[in-house]
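Work through the following exercises with the model open. Each task is followed by a solution in steps.

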Amino acid sequence: HLFATPLFRQCSHLPALLTGDANDWRNTLGRECLEPQGFTQATLPLRRFRTYPAAMPLGALDKVFTRGAVRIEEARVVRSRWSRAASDHLPVVVDFRLG
């Protein structure tokens with residue numbers, strides 16, 4: 001388990017940005033795993049961040065979490081003809097600042 005590794009514990013004071021396809025259909029990753037480690041989900045409310053399948057997004061599987069001095073300026077899903085053709089997931093774009 002990642003959170004039990006010495007390296008993760010040594011870096012827990014550093015700002016962090018976790019992003020990607022979490023494959024979290026039940027939307028429990030944040031609440032059960034990441035919030036206890038000090039992370040906050042930036043891709044809320046879920047209805048605004050549905051990314052899968054790209055042709056008709058029903059699931060909010062692509063998530064962004066932050067911890068520490070990471071400020072999300074904007075998070076959005078790119079819904080375009082090109083993004084639907086590029087992958088089976090729509091991309092999530094995040095503008096953020098450290099500090």
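## Exercise 1: Salt bridges

The structure holds five salt bridges. The model is a predicted one.

**Task.** Find the residue that forms a salt bridge with lysine 63, and place both residues in the chain.

**Solution.**
- Start with the contact. Lysine 63 pairs with aspartate 24 in a salt bridge, and their closest N and O atoms are 2.9 Å apart.
- Place the two ends. Lysine 63 belongs to strand 3, and aspartate 24 to the loop between strand 1 and helix 2. The pair links distant parts of the chain, 39 residues apart.
- Check exposure. Lysine 63 and aspartate 24 are both buried.
- Look at the backbone of lysine 63 too. This residue is the bridge partner of glycine 20 in strand 3.

**Task.** Which residues are joined with Glu73 into one network by salt bridges that share partners?

**Solution.**
- Take one contact of glutamate 73. Arginine 71 forms a salt bridge with glutamate 73, with 2.8 Å between the closest N and O atoms.
- Take another. Glutamate 73 also forms a salt bridge with arginine 97, with 3.0 Å between the closest N and O atoms.
- Locate this second pair. Glutamate 73 lies in strand 4 (residues 70–77) and arginine 97 in strand 5, so the salt bridge ties together parts that are 24 residues apart in sequence.
- Join the contacts. The shared partners put Arg71, Glu73 and Arg97 in one network.
- Classify each member, with partly exposed running from 20% to 50% relative accessible area. Arginine 71 has 43% and is partly exposed. Glutamate 73 has 42% and is partly exposed. Arginine 97 has 48% and is partly exposed.

## Exercise 2: Fold and sheet

**Task.** State how many helices and strands the protein has, and give their pattern along the sequence.

**Solution.**
- Count the elements. There are three helices and five strands.
- Read along the sequence. The pattern is α-β-α-β-β-β-α-β.
- Add the dimensions. The C-alpha trace spans about 45 × 30 × 20 Å along its principal axes.
- Add burial. Of the 99 residues, 30% count as buried.

**Task.** In the open sheet of three strands, which strands stand at the edges, and why is one side of each left without a neighbour?

**Solution.**
- Write the order. The open sheet runs 1-3-2, and its pairing is antiparallel.
- Read off the edges. Strand 1 and strand 2 each have a single partner strand, so one side of each has no neighbour in the sheet.
- Inspect one pairing. Strand 1 and strand 3 are joined by six bridges in the antiparallel sense.

## Exercise 3: Aromatic residues

**Task.** Classify the geometry of the rings of tryptophan 25 and tyrosine 52.

**Solution.**
- Begin with the count. The structure has one aromatic pair.
- Use the geometry. The ring centres of tryptophan 25 and tyrosine 52 are 5.9 Å apart and the planes stand at 80°, so the pair is edge-to-face.
- Place the rings. Tryptophan 25 is in the loop between strand 1 (16–21) and helix 2 (29–34), and tyrosine 52 is in the loop between strand 2 (40–41) and strand 3 (62–67), so the pair ties together parts 27 residues apart in sequence.
- Check exposure. Tyrosine 52 is partly exposed, at 25% relative accessible area.

**Task.** Which residue lies over the face of tryptophan 82?

**Solution.**
- Look above the ring. Arginine 81 lies there, 4.6 Å from the ring centre of tryptophan 82.

**Task.** Which residues form a nonpolar patch on the surface?

**Solution.**
- Name the members. Leu17, Phe96 and Leu98 make up the patch, with about 280 Å² of accessible area together.
- Follow one member. Phenylalanine 96 sits in strand 5 (residues 92–98). Phenylalanine 96 has a relative accessible area of 39% and is partly exposed.

## Exercise 4: Backbone angles

**Task.** Which residues does a cis peptide bond join to proline 45 and to proline 53?

**Solution.**
- Take proline 45. A cis peptide bond joins it to leucine 44, with omega about -5°.
- Take proline 53. Its cis partner is tyrosine 52, with omega about -10°.
- Place them. Proline 45 is in the loop between strand 2 and strand 3. Proline 53 is in the loop between strand 2 and strand 3.

**Task.** Is asparagine 23, with its positive phi, buried or exposed?

**Solution.**
- Note the angle. Phi of asparagine 23 is near 50°, and the residue is not a glycine.
- Apply the cut-off. Asparagine 23 has 51% relative accessibility, so it counts as exposed.
- Compare asparagine 27. Its phi is also positive, at about 55°, and asparagine 27 is partly exposed at 26%.

Note on methods:
Residues are numbered from 1 along each chain as its sequence is written. This is a predicted model: local features need pLDDT of at least 70, side-chain atom pairs count only at pLDDT 80 or more; totals for chains, interfaces and linings use all residues. Side-chain values use heavy atoms; hydrogens and water are left out. Patches are made of residues with over 30% relative accessible area and no salt bridge: like charges are joined within 9 Å, nonpolar side chains (Val, Leu, Ile, Met, Phe, Trp, Tyr) within 5 Å. Accessible areas come from the Shrake-Rupley method with a 1.4 Å probe; for residues, only the protein chains shown count as cover. A salt bridge is a side-chain nitrogen of Lys or Arg within 4 Å of a carboxyl oxygen of Asp or Glu. Helices (H or I, at least four residues) and strands (E, at least two) are DSSP runs, numbered from the N terminus. Buried means under 20% relative accessible area, exposed over 50%, partly exposed in between (1.4 Å probe, protein chains only). Rings of Phe, Tyr and Trp (its six-membered ring) pair if their centres lie within 6.5 Å; planes under 30 degrees apart count as stacked, over 60 as edge-to-face and the rest as tilted. A charge sits over a ring if NZ of Lys or CZ of Arg is within 6 Å of the ring centre and within 35 degrees of the ring normal. Two strands pair if DSSP finds at least two bridges between them.
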